[in-house]
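Reader: I would like to go through the terms used for this structure and ask, each time, what value lies behind the term.

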Amino acid sequence: MVDFSRTRLLIGDGGVEKLSRSRILCLGLGGVGGAAVEMLSRMGVGHITLVDGDVFSESNINRQLGALDSSTGKFKAEVWKQRCLDINARGDFKAVVQFIRSQQDIDSLLSEPFDVVIDAIDEIKPKTDFLVSCKERGIFVLSSMGAGGRRDISQIRVADISKTFGCPLAKIIRSNLRARGINKGIPAVFSPEESVPRQPGQPIGSISYIVCAFGLHLAQTAVDHLLSSSL
């Protein structure tokens, strides 16, 4: 059984209790989202809904914590549910094997109450639609920008989406949000490091410590918000 005594020394009994009552929704369980979920479950967040429609593949093993030979071919959401339970058997972890394809998908997920929503979606349209839906509902949402193609962990930072720079994905998301009437108010993890060039048709290169560090920044931002809020 997990022992939160070391965590309690940092955030106190009240902090541990607050995290145990907190409800988080995480969309996307690849390298970034998976690392965030790992840290949140080890912090004792009591309720996490895990959303991803994909399965683990051998090409994920270089950077995704949930990707192993033993998990290849298994749904990411289900693997992460079991992993979180292995960390904290007292937690409430829900696996949703689903891609975000429509506004109806979004509305269904957000029909439950959440204290924090973490966006680690790769695709631009569902990412934009989910961020807009959270803002319209007044839900605290934080978002990961592009981790691929980077190698310098020291350049990762957290800022309001309106203050991001040097990230092509963030530029697109800023533009899409402005077109929907949203100019600020979404914390974003990003890196202004210039992406390593790639050949046409090739996937974006990625490395373990960068995607995990993006996830750790998401986890810290989520926990800081939870501890400072009146849940």
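Reader: Where is Ser-57 found, and what makes Ser-57 count as partly exposed?

Author: In this predicted model, Ser-57 is found in the loop between S2 and H3. Its relative accessibility is 27%, and since buried means under 20% and exposed means over 50%, with partly exposed in between, Ser-57 therefore counts as partly exposed. The C-alpha atoms of Ser-57 and Gly-73 are separated by 5.9 Å, although the two residues are 16 apart along the chain.

Reader: Gly-53 lies in that loop between S2 and H3 as well; is Gly-53 buried or exposed, and how do you know?

Author: Gly-53 has a relative accessible area of 13%, and because the limit for buried is under 20%, Gly-53 is buried. Leaving aside neighbours within four places in sequence, Gly-53 is in contact with Phe-75, Val-97, Gln-98 and Phe-99. Its C-alpha atom is separated by 9.1 Å from that of Leu-29, a residue 24 positions away along the chain.

Reader: What makes Thr-49 count as buried, and which residues is Thr-49 in contact with?

Author: Thr-49, which is found in strand S2 (residues 47–51), has a relative accessibility of 6%; buried means under 20%, so Thr-49 counts as buried. Apart from neighbours within four places in sequence, its contacts are Ile-24, Leu-25, Cys-26, Lys-94, Val-96 and Phe-114.

Reader: Cys-26 is among those contacts; why does Cys-26 not form a bond with the closest cysteine sulfur?

Author: That closest sulfur belongs to Cys-84 and is 9.3 Å from the sulfur of Cys-26, whereas a disulfide needs two cysteine sulfur atoms within 2.5 Å, so the pair is too far for a bond. For Cys-212 the closest cysteine sulfur is that of Cys-26, at 13 Å, which is therefore also too far for a bond. The structure holds zero disulfides. Cys-26 counts as buried because its relative accessibility is 0%, and Cys-212 counts as buried because its value is 15%.

Reader: Why are H2 and H3 called roughly parallel?

Author: The axes of helix H2 (residues 31–43) and helix H3 (residues 76–87) come within 9 Å and cross at roughly 25°; angles under 35 degrees count as roughly parallel, and H2 and H3 are therefore roughly parallel to each other. Their crossing is right-handed. On the H2 side the contact is made by Gly-34, Val-37, Glu-38, Ser-41 and Arg-42, and on the H3 side by Trp-80, Arg-83, Cys-84 and Ile-87. Sorted by class, this contact has four nonpolar, two polar and three charged residues.

Reader: What makes the arrangement of H2 and H7 oblique?

Author: The axes of H2 and helix H7 (residues 208–228) come within 7 Å and cross at roughly 45°. Because roughly parallel requires an angle under 35 degrees and roughly perpendicular begins at 65, H2 and H7 are oblique to each other. H2 passes H7 in a right-handed crossing. Among the residues that make the contact are Ala-35, Ala-36, Met-39 and Leu-40 of H2, together with Cys-212, Phe-214, Gly-215 and Leu-218 of H7. By class, the contact of H2 with H7 has 14 nonpolar and two polar residues, with no charged residues.

Reader: How do you know that H5 and H6 are oblique, and which residues meet there?

Author: Helix H5 (residues 124–137) and helix H6 (residues 168–179) pack at an angle of about 50°, with their axes 10 Å apart; that angle lies in neither the range under 35 degrees nor the range from 65 to 115, and the two helices are therefore oblique to each other. H5 passes H6 in a right-handed crossing. Ile-124, Lys-127, Thr-128, Leu-131 and Val-132 in H5 meet Leu-169, Ile-172, Ile-173, Asn-176 and Leu-177 in H6, and by class this contact has seven nonpolar, two polar and one charged residues.

Reader: Why does Thr-128 count as buried, and what does Thr-128 touch?

Author: Thr-128, found in helix H5, has a relative accessibility of 4%, and since buried means under 20%, Thr-128 counts as buried. Not counting residues up to four places away in sequence, Thr-128 touches Ile-173, Asn-176, Leu-177 and Arg-180.

Technical notes: Residues numbered from 1 in each chain as written. Predicted model: local features only at pLDDT ≥ 70, side-chain atom pairs only at ≥ 80, totals over all residues. Heavy atoms only, no water. Buried < 20%, exposed > 50% of the residue type's maximum accessible area, 1.4 Å probe, protein only. Helix = DSSP H or I, 4+ residues; strand = E, 2+ residues; numbered from the N terminus. Contact = heavy atoms within 4.5 Å. Axes fitted to C-alpha atoms, helices over the stretch in contact; angles between N-to-C directions. Parallel < 35°, antiparallel > 145°, perpendicular 65-115°, else oblique. Left-handed = near helix turned anticlockwise from the far one by under 90°. Nonpolar A, V, L, I, M, F, W, Y, C, P; charged D, E, K, R; others polar.
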